[in-house]
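Subject: Handing over a structure

Dear colleague,

I am passing on to you the structure shown just below, and after it I set out what was found, in the hope that the notes serve as a first orientation.

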Amino acid sequence: MHWKGMGVRLEIEGNGVTVPATYLPRVWMGSKVSEKLLPTRIRPLSAHLKLTENCQARCISCDYWKTRWNDAIDTQRAVDLLNEIGELGIGAVRFTGGEPLLRKDFFEILAKANTKAFKRVIVQTNGLLIKKLHKEINASAITDVAVSIDGLKETNDHIRGIRGYFDLGLEGIRLLEGKNVAISITLNRISVSELEELNRVAQGVGAHLETNILSKSLFFLKDADYDVMWPKRDEVPLITNFVRGTLKRPGYEVDYITKYYNREPLDEPPCVLGFTQVFVMSNGDVLTGCYPLKPVGNILRESLGSILASEACVKQCMAMVRRECPGCTCGVETSLAVQHAVSGALFELKKLTQRENQEQKVHAAAAT
């Protein structure tokens, strides 16, 4: 991240969002010096929407597929919500799930909403429907597609519980045009020896690799098979060497991952996700960038703007900075970057340059 001039350019998720010049410095000072310096108005940089939490995969690392979820946000409310998010100045929207492409009205929602308000429209998908829906994706306002793949063919299909998942996902990726594509892997024991090859596979289909780490505190992971997934101590260096050497992640992230997977005491950073992200669940509940905490409102009863301005929302975001929560690893790289603001700024500037170069290549390829 870096702070410059009359606005702040924050490259968390590559959003390229401009917020008032004092906002992020106040988040940093409030998390480092005194919470009295924290912003009193919540201005998220990205919104994560779960228009459905249903999923057709059968992952051993997730419980979503075990429940039949009710999609409470209808088409028109989803359109209105997207428009409101844009009007609030939130520059990026990420559709997650469940599997977002299971919503039959998904592309209708995108077509009716004013998506020009967003710099990035991201879809986090298991990839099983990309091949079927690639024409709709290519013609839509979607800018980024993140496909969840957790290893090479046999390993991934075992973890994800669907035979043919890996091949179908890659076939779909190859059909995408003009999109920034990521393969998202949750770092785990089963595929620890496949990371370098999976990175080469990602590059071969024009994608880059991004990583997540396992978490035990999320409601949709409570029955996940972590005894199988959690790396042993002698396997952790394979992960950290890959993250440091191949993905070029900053040292403070590598140190955190090392201690986390070794189950060593962690110096947890103040959590700033309440000030940078907002989550909307499929039942309309609004979360302050944190799944384990209680909702602060519901968009089926009130506007998102009024929820973000509420005392309950502000208090919970401040409590997150104090880490008055069960704890999780979602978005920990954001909180670590704020904690290590100087080194984080240098890393994010480098990443921004790389992303802009990649975007130029994508646009050039699309134009030919």
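Please keep in mind that this is a predicted model. Perhaps the best place to begin is helix α2, which spans residues 75–87 and lies across β4, β5 and β10 (277–280), with a direction at about 165° to β4.

The strands beneath that description belong to an open sheet of 9 strands with mixed pairing, and their order is β9-β8-β7-β6-β5-β4-β10-β11-β12. The edges of this sheet are formed by β9 (207–213) and β12 (297–298), each of which pairs on one side only. Further in, strand β4 (residues 46–49) and strand β5 (residues 92–95) are joined by 4 bridges in the parallel sense, and within this pair Ala47 has Val93 of β5 as its bridge partner. As general background, strands of a sheet pair through backbone hydrogen bonds, either parallel or antiparallel.

A second helix worth your attention is α4, which covers residues 130–139 and whose buried residues are Ile130, Leu133, His134, Ile137 and Asn138. These residues lie on the same side of α4, because the arc they cover around the axis is only 155°. The face of α4 turned away from that buried side carries Lys132, Lys135 and Ala139, which are exposed. As for what covers the buried residues of α4, the elements include α3 (106–112), β6 (120–125), β7 (144–148) and α6 (165–174).

There is also a pair of helices to look at, namely α7 (residues 195–204) and α9 (residues 236–246), whose axes come within 10 Å and cross at roughly 40°. On the α7 side the contact is made by Leu195, Glu196 and Asn199, which meet Leu238, Ile239, Phe242 and Thr246 of α9. Sorted by character, the residues of this contact between α7 and α9 comprise 4 nonpolar, 2 polar and 1 charged.

Finally, some values for the chain as a whole may help you to place these details. The chain contains 15 helices and 12 strands, and 58% of its 368 residues count as buried. Where contacts join residues at least 6 apart in sequence, 71% of them are between residues at least 24 apart. The accessible surface of the chain amounts to about 16,200 Å², and 52% of that surface belongs to carbon and sulfur atoms.

With best regards

Notes:
Residues are numbered from 1 along each chain as its sequence is written. This is a predicted model: local features need pLDDT of at least 70, side-chain atom pairs count only at pLDDT 80 or more; totals for chains, interfaces and linings use all residues. Side-chain values use heavy atoms; hydrogens and water are left out. Two strands pair if DSSP finds at least two bridges between them. Helices (H or I, at least four residues) and strands (E, at least two) are DSSP runs, numbered from the N terminus. Contact means heavy atoms within 4.5 Å. Axes are lines fitted to C-alpha atoms, for helices over the stretch in contact, and angles run from 0 to 180 degrees between N-to-C directions. Buried means under 20% relative accessible area, exposed over 50%, partly exposed in between (1.4 Å probe, protein chains only). Accessible areas come from the Shrake-Rupley method with a 1.4 Å probe; for residues, only the protein chains shown count as cover. The arc is that of the directions from the helix axis to the C-beta atoms. Ala, Val, Leu, Ile, Met, Phe, Trp, Tyr, Cys and Pro count as nonpolar, Asp, Glu, Lys and Arg as charged, and the others, Gly among them, as polar.
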